[in-house]
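The following exercises concern helix geometry and helix packing. Please work through each task before reading its solution.

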Amino acid sequence: MNSLSLEMADCKMQIMLVLCSFILLATLPPIYGWGTDGHSIVCKIAQSRLSDAAVDAVKELLPKWAEDDLGSVCSWADQVKFRYRWSSPLHYINTPEICTYQYKRDCKDEDGIAGRCVAGAINNYTSQLLTSNSASNKAQNNLTEALLFLSHFMGDIHQPLHVGFADDKGGNTIDVHWYKRKAVLHHVWDTNIIETAEERFYDLNVDSMVDAIQQNITSEWADEVKRWETCSLNKTACPDIYASEGIKAACDWAYKGVQQESVLEDDYFLSRLPIVNRRLAQGGVRLAATLNRIFG
Ligand SMILES: [Zn+2]
């Protein structure tokens, strides 16, 4: 080939590469649940509160690519949602259009199979991890997945619209405007409130937001933290409490005053951000408390 045809071949190759990356991006699944930052905040708070025994157990179970950082694996469950289709209904709870939650009534998937919701999943993966002391090497792989699922679902259950009305799919069918951008209400709670807070108050730095929440845990909320951590009847995990709080927060704050095409701006952002901060804190504190109870 002469140099001109070489250049043309090179050019064609570049066009192909650009096209391929567009196609790849277009086919990547969307991410649901707290966005990546929300999950990472919950897990970073949790990791800082682990007992020595839990630190060792978590290190043992984390995949190599996590480099001992629990915060880096907490969106994994969203990334595998399409490979593990069975896991899709485990990220949320659908309730009837009343502001209460009951495990027996609400914790099921669309086919009515009991226990297939985020509360059932937290119970299930907690039970699996409780077997970790007696597990053979072969079972370790499943326990790694159990840890990643539990860490993710403990975040999801604290996102108020993950315990939302079946009719609007937890706010997914409510179209709103987040300032000037189109969004659905569910996404506002997964991502937009956190992102706007990072932009406005934390110089786009997620770690500064984690620090601020952690400061609140040791000051403003210090008296409540013991209660957040405690499960009744010596249970290891108590997702029903978190789900009941979730649907209440959804009614009192997320859905409140919002209709199709509502424009959500400073009034909504500034009054809801404290709720988001508190739910992220509770998720982190409770994930740590649960892992500490599991691993002793
Ligand atoms: Zn999720």
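**Exercise 1: Helix 2 against helix 12**

Helix 2 and helix 12 are oblique to each other, a class left for angles outside under 35 degrees (roughly parallel), over 145 (roughly antiparallel) and 65 to 115 (roughly perpendicular). The model is predicted: local features need pLDDT of at least 70, side-chain atom pairs count only at pLDDT 80 or more, and totals for chains, interfaces and linings use all residues. Residues are numbered from 1 along each chain as its sequence is written.

Task: state at what angle the axes of helix 2 and helix 12 cross.

Solution. The axes of helix 2 (residues 36-47) and helix 12 cross at roughly 45° and come within 7 Å. Among the residues making the contact are Ile-41 and Ala-46 of helix 2 and Gly-284 and Leu-287 of helix 12. The residues of this contact divide into eleven nonpolar, three polar and no charged; Gly counts as polar.

**Exercise 2: Helix 10 against helix 12**

Task: identify the residues of helix 10 that meet helix 12.

Solution. Helix 10 (residues 222-229) packs on helix 12 (residues 266-295) at about 50°, the axes lying 9 Å apart. Val-225, Trp-228 and Glu-229 of helix 10 meet Gln-282, Val-285, Arg-286 and Ala-289 of helix 12. Four of the residues in this contact are nonpolar, one is polar and two are charged.

**Exercise 3: The course of helix 12**

Task: determine where helix 12 bends.

Solution. Helix 12 bends by about 35° at Arg-272, and Pro-274 follows within four residues. After helix 12 comes Gly-296, with a positive phi near 80°.

How values were computed: Axes fitted to C-alpha atoms, helices over the stretch in contact; angles between N-to-C directions. Helix = DSSP H or I, 4+ residues; strand = E, 2+ residues; numbered from the N terminus. Contact = placed C-beta atoms within 7 Å. Bend = angle between axes of the 7 residues up to and from the residue.
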